[in-house]
Amino acid sequence: MAQTLPASTPYGATETRRPRIGILALQGDVREHANALREVGAEPIEVRLPRDLIGLDGLILPGGESTTMRRLIDLYGLREPIVALAKGGAPLYGTCAGMILLANRLADGEEPVLRLLDITVERNAYGRQLDSFEADLDIPSLGDEPLHGVFIRAPVVSDVGPDVEVLARDPDGRPIAVRQGRVMATAFHPELTGDRRLHRLLLELIQP
Amino acid sequence: MAAIETSTWTTKVGLARMLSGGVIMDVVTADHARIAQEAGAVAVMALERVPSDIRKFGGVARMSDPKLIEEIKAAVSIPVMAKCRIGHIVEAQILQQLEVDFIDESEVLTPADEEHHIDKHEFRVPFVCGCRDLGEALRRIGEGAAMIRTKGEAGTGNIVEAVRHLRAVMKGIRELAAMREDELYAAAKELRAPLDVVRQTATLGELPVPNFSAGGVATPADASLMRQLGAQAVFVGSGIFKSENPQRVARAIVMATTHWDNAEILAEVSTGLGEPMRGLELSEIPAEERLAVRGW
């Protein structure tokens, strides 16, 4: 039976192209973010070397151990190209360890890594693993439905700069979800739940 | 914000997921722990003797002195794990009291119970357990393990048993995933594992918790091998601090675990590492001294 070939579309045509979102894949819950990205219609790209950053529409810094990621970022010269990607207008989203990597300041005096978000972050702010928790969060900018937050050895934001919008706070009033322009960060892990609103928000921040 | 729930199944398995793609290193002093963290370890396992020394030392191997665990906790910001004997509920209670981040109910220590493992659902701290095949993995998950590691043969620097165990688990999963729903009942009986965990594994096409590898990793190539065979992360015991140059070997194994599919980087990090741990041929170990056969 004769088949009709689909009309050819030029490579890279915006109507057919899924956004390509990198995930820093040095270590951490990369697969969970990749699944979340596929669910919202994006193409996940694992980033381990500077060349993996070429042509990305956005980047996720996943959960994991920030101490480990910081070492591996420097070992492979990823710091400058990630900053360049952000300065070029690509949106970035950091969860947990990713929030620590994005921060301008760390409360324990450690040297900050990417300095792309005008916040101070306190690492392991809730304590050790026994204090890891789940809770429903109100995030008005994402709608009335609460968002279920999973916090694992989580950090909190102890101070925010004037251009930073606080999206959500913990019971003690400390910010746990923030956004500054196209850079956002959460202390919790939406990739571990089925709620995809924050991953969708990341895609909405891609410049047309 | 509504009520907070701590130590849930999601937070337990969640921590295991955060360690994916990383290297968990055995350390016996606070100095070792700092070296491991500096080299890029995602967590450390605090113990009094690495497995190769446990082998040499003989006698009954028990949980470490809490003093050592506290010193190691104070030395690093990455998660700290510690081992208890198989079935030793009280050692596990003590480790939970010390607020370690993960407990390894480990065959490397002398078992305290030759029939029962710990009911890990009863604890707030997450557990990792070893396995040699899929049935053993699923029994441990049924008991509440939030992370599985293949056992390998600890303290040998010989990867052959780790490969055997990981291949057995991965093959078992592929077989389950190919089964009809009505075949899973017989499979559960054969695997001697709870039906709900068997069904979940068949549906997912993978274990419901992260699957790491341990026991015999001594080189960067060993670490990459385990990742290429399907392990999401590796535990390294004697392989680092029994080598000639622990700092370099630790860093090289971390890099090989991240860049597990990049032969160019694997070649680079394998170069000039000095003498690895000497290693043991499996046939040199009498059957009664094999650690992997402990656990049921």
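Which residues does Arg128(A) touch, not counting residues up to four places away in sequence? In this predicted model, the list takes in one residue of chain A, Arg153(A), along with Lys73(B), Val80(B), Glu99(B) and Asp101(B) from across the interface. Arg128(A) sits in the loop between strand E6 (117-122) and strand E7 of chain A. At a relative accessible area of 18%, Arg128(A) counts as buried, because the cut-off for that class is under 20%.

The link to Asp101(B) deserves a closer look. The two side chains, Arg128(A) and Asp101(B), form a salt bridge, with N to O at 2.7 Å. The pair also turns up as a side-chain to side-chain polar contact, again at 2.7 Å. Nor does the salt bridge stand alone: through shared partners, Glu65(A), Arg128(A), Arg153(A) and Asp101(B) are joined into one network.

Now for the interface as a whole. Chain A brings 42 residues to the contact and chain B brings 47. About 3,600 Å² is buried between the two chains, and carbon and sulfur atoms give 56% of that area. On the chain A side, the residues that lose the most area to chain B are Arg128(A), Gln129(A) and Leu130(A), which together make up 21% of what that side buries. So Arg128(A), itself buried at 18% relative accessible area, shows up here again as one of the three residues losing the most area.

As for polar links, five salt bridges cross between chain A and chain B, and 19 residue pairs are in polar contact across the same interface, with both residues at pLDDT 80 or more. The elements of chain A that give two or more residues to this side are helix H1 (30-39), helix H2 (66-75), strand E7 (133-137) and strand E8 (147-151). Sorted by class, the chain A side holds 15 nonpolar, 10 polar and 17 charged residues. Strand E7 of chain A also pairs across the interface: two bridges join E7(A) to strand E1 (residues 5-6) of chain B, and the strands run antiparallel. Within that pairing, Phe133(A) stands opposite Thr6(B).

Over all chains, the salt bridge count comes to 36. One of them, in chain A, brings together the side chains of Arg17(A) and Asp57(A), with N to O at 3.2 Å. Arg17(A) lies in the segment before strand E1 (20-24) and Asp57(A) in the loop between strand E2 (43-47) and strand E3 (58-61), so the bridge ties together parts of chain A that are 40 residues apart in sequence. Arg17(A) is partly exposed at 34% relative accessibility, whereas Asp57(A) is buried at 18%.

Chain B has its own long-range links. Glu153(B) and Arg55(B) form a salt bridge whose closest N and O atoms are 2.5 Å apart. This pair spans 98 residues, from the loop between strand E7 (147-150) and helix H7 (160-177), where Glu153(B) lies, to helix H3 (residues 51-57), which holds Arg55(B). Glu153(B) is buried, at 1% relative accessible area, and Arg55(B) counts as buried too, at 18%. A further salt bridge joins the side chains of Lys120(B) and Glu143(B), at 2.8 Å from N to O. Here the partners are 23 residues apart: Lys120(B) is in the loop between strand E5 (102-106) and strand E6 (127-131), and Glu143(B) in the loop between helix H6 (134-142) and E7 of chain B. Lys120(B) is buried, with a relative accessible area of 0%.

Conventions. Residues numbered from 1 in each chain as written. Chains lettered and ligands numbered in written order. Predicted model: local features only at pLDDT ≥ 70, side-chain atom pairs only at ≥ 80, totals over all residues. Heavy atoms only, no water. Contact = heavy atoms within 4.5 Å. Buried area = accessible area lost by both parts, 1.4 Å probe. Salt bridge = Lys/Arg side-chain N within 4 Å of Asp/Glu carboxyl O. Polar contact = N/O pair within 3.5 Å; in protein donor to acceptor, adjacent residues only side chain to side chain. Helix = DSSP H or I, 4+ residues; strand = E, 2+ residues; numbered from the N terminus. Nonpolar A, V, L, I, M, F, W, Y, C, P; charged D, E, K, R; others polar. Pairing = 2+ DSSP bridges. Buried < 20%, exposed > 50% of the residue type's maximum accessible area, 1.4 Å probe, protein only.
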